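Here is a short tour for someone meeting this protein for the first time. Start with the overall build, then follow one helix.

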Amino acid sequence: MEKYVPDIYQKSIYTIDYSKLLSKGITCLLFDLDNTIVSPKSNELPEKAKELFISLKQKGFKVIIFSNSPKKRVNNYKKYFNVDGIHFASKPFQRKFNKLIKDYNLSKEEIAIIGDQLLTDVLGGNKLGITTILINPITSKDHIFSHFNRILENKKLKKLKENNLF
């Protein structure tokens, strides 16, 4: 069950103590896109998130959108936020995580993943051994695949709570 336990839990990307992450040596932030930064079925361009990313880059973070979404969707936000992006990340599988580490010449200790799902973001990050940060989803609306994940996720959360792990 521990593989589903995030290192940190926060309400949103705006409540995370990024200075604390930096002081722990984390310099690269992988942000899930859908239901973490924006609503899944929306094409909104959130100014608040753009300002957050500008601030994070000024602090010295490498900010990367790390999403299971298709290339076109990720590229639109990558361009808007002026950050790097990886599409079809296939979380929780490790292939794109490992490619990212190699391409950016990073160590696992330097990376944190921030997302709204236990079964993709937290599980993928924990399997790799990076810092995992779970946030609440922006909305209850999900893509069809995420909807099925939420059903399984709710069962996992219930067990984690019963075992005082979350």
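## Overall build

Of the chain's 166 residues, 48% count as buried. The model is a predicted one. About 8900 Å² of the protein chain is exposed, and carbon and sulfur atoms supply 52% of that area.

The protein chain holds 6 helices and 6 strands. Along the sequence they follow the pattern β-α-β-α-β-α-β-α-β-α-β-α. Many contacts reach far along the chain. Among those between residues at least 6 apart in sequence, 68% join residues at least 24 apart.

## A look at helix 2

Helix 2 covers residues 47-58. How well does its span agree with the expected one? At 1.5 Å a residue, its 12 residues should span 16 Å, and the end C-alpha atoms are 17 Å apart, which agrees.

Four names mark the buried part of helix 2: A49, L52, F53 and L56. They cover an arc of only 95° around the axis, which puts them on the same side of helix 2. The general rule helps here. An α-helix has 3.6 residues a turn, so residues three or four places apart point the same way.

What do the buried residues of helix 2 pack against? The table lists the elements.

| Packing partner of the buried residues of helix 2 | Residues |
|---|---|
| helix 1 | residues 18-23 |
| strand 2 | residues 28-31 |
| strand 3 | residues 62-66 |
| helix 3 | residues 71-81 |

After helix 2 comes G60. The phi of G60 is positive, near 110°.

Definitions and conventions:
Residues are numbered from 1 along each chain as its sequence is written. This is a predicted model: local features need pLDDT of at least 70, side-chain atom pairs count only at pLDDT 80 or more; totals for chains, interfaces and linings use all residues. Side-chain values use heavy atoms; hydrogens and water are left out. Helices (H or I, at least four residues) and strands (E, at least two) are DSSP runs, numbered from the N terminus. Buried means under 20% relative accessible area, exposed over 50%, partly exposed in between (1.4 Å probe, protein chains only). Contact means heavy atoms within 4.5 Å. Accessible areas come from the Shrake-Rupley method with a 1.4 Å probe; for residues, only the protein chains shown count as cover. The expected span of a helix is 1.5 Å times one less than its number of residues. The arc is that of the directions from the helix axis to the C-beta atoms.
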